[in-house]
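Here are some comments to read beside the model, set out as numbered points for someone new to structures. Please keep the view open and find each residue as it is named.

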Amino acid sequence: MDVILLLLSVILLVLYVREMRRAMKLEREKQSLAVRFGMATEQLSPFLKKYDPEKFRFIGSPVDGIHFGEKEITFVEFKTGSSRLSENEKRVKQLVDRKRVKFEIVRIRG
């Protein structure tokens, strides 16, 4: 009887581990799809949102882009679903919120 219980326990453990591995693989695939969807959406969002595509410049990092409006310049970060700002994106937002933004002219002599 003890041998049968031990054998059943081992079988259940093997099945459990197999299912956990499968679930982890599915979760990684789901996350990968979410990232790819987000990246594709970032590229198309200027055309779907309130921003004029003629005045929008996609830069990708540390924010998705900059919109050069008539009365203001806007740093834009597109997010999908429940995604949140990265630490670097939060830092950029804080700098803009504190008005720590400059305009410089760099002359290159040739």
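1. In this predicted model, a search for paired aromatic rings gives 3 aromatic pairs in the structure. One of them is formed by Tyr51 and Phe56, whose ring centres are 6.1 Å apart and whose planes make an angle of 40 degrees, a pair that is described as tilted. The word tilted applies because planes under 30 degrees apart would count as stacked and planes over 60 as edge-to-face. Tyr51 counts as buried, with a relative accessibility of 15%, and Phe56 is also buried, with a relative accessible area of 7%.

2. Tyr51 has a further ring partner, Phe78, and here the centres are 6.4 Å apart while the planes stand at 75 degrees, so this pair is edge-to-face. The two residues come from distant parts of the chain, 27 residues apart: Tyr51 is in the loop between helix H1 (2–48) and strand S1 (56–58), whereas Phe78 is in the loop between strand S3 (73–76) and helix H2 (87–97). Both Tyr51 and Phe78 are buried. Taken together, the ring pairs join Tyr51, Phe56 and Phe78 into a cluster, and it may help to select these three residues when you look at the model.

3. What kind of contact do the side chains of Glu70 and Lys55 make? They meet in a salt bridge, with a distance of 2.5 Å from N to O, and this is one of the 7 salt bridges found in the whole structure. Glu70 lies in the loop between strand S2 (65–68) and S3, and Lys55 lies in the loop between H1 and S1, so the salt bridge ties together parts of the chain that are 15 residues apart in sequence. The two partners have their own accessibility values: Glu70 counts as exposed at 69% relative accessibility, and Lys55 counts as partly exposed at 26%.

4. A careful reader should also look at Lys79, whose side chain meets that of Glu77 in a salt bridge of 3.5 Å, N to O, and that of Glu89 in a salt bridge of 2.9 Å, N to O. Glu89 belongs to helix H2 and Lys79 to the loop between S3 and H2, so this second contact ties together parts that are 10 residues apart in sequence. Through shared partners, the salt bridges join Glu77, Lys79 and Glu89 into one network. Within that network, Glu77 is partly exposed, with a relative accessible area of 21%, and Lys79 is partly exposed, with 36%, whereas Glu89 is buried, with 11%.

5. How are the 3 strands ordered in the sheet? They form an open sheet in the order S1-S2-S3, and the pairing is antiparallel. S1 and S3 stand at the edges with a single partner strand each, so one side of each has no neighbour in the sheet. From one strand to the next, the twist averages 15 degrees. As background, strands of a sheet pair through backbone hydrogen bonds, and the pairing may be parallel or antiparallel. Here S2 and S3 run antiparallel and are joined by 4 bridges, and Phe68 stands opposite Ile73 in S3.

6. Two details of the backbone deserve a separate check. The peptide bond that joins Ser61 and Pro62 is cis, with omega at about 5 degrees, and Pro62 is found in the loop between S1 and S2. In the segment after H2 lies Lys99, a residue other than glycine whose phi is positive, near 60 degrees. Lys99 is exposed, with a relative accessible area of 70%.

7. The last point concerns the surface. Met1, Ile4, Leu5, Leu7, Leu8, Ile11, Leu12 and Leu15 make a nonpolar surface patch of about 840 Å². Leu7, one of these residues, has its place in helix H1 and is exposed, with a relative accessible area of 52%. The word exposed applies to Leu7 because its 52% is above the cut-off, which asks for over 50% relative accessible area.

Definitions and conventions:
Residues numbered from 1 in each chain as written. Predicted model: local features only at pLDDT ≥ 70, side-chain atom pairs only at ≥ 80, totals over all residues. Heavy atoms only, no water. Phe/Tyr/Trp six-rings, centres within 6.5 Å; stacked < 30°, edge-to-face > 60°. Buried < 20%, exposed > 50% of the residue type's maximum accessible area, 1.4 Å probe, protein only. Salt bridge = Lys/Arg side-chain N within 4 Å of Asp/Glu carboxyl O. Patch = residues over 30% accessible without salt bridge, like charges linked within 9 Å, V, L, I, M, F, W, Y side chains within 5 Å. Areas by Shrake-Rupley, 256 points an atom, 1.4 Å probe, with all protein chains shown as cover. Pairing = 2+ DSSP bridges. Axes fitted to C-alpha atoms, helices over the stretch in contact; angles between N-to-C directions.
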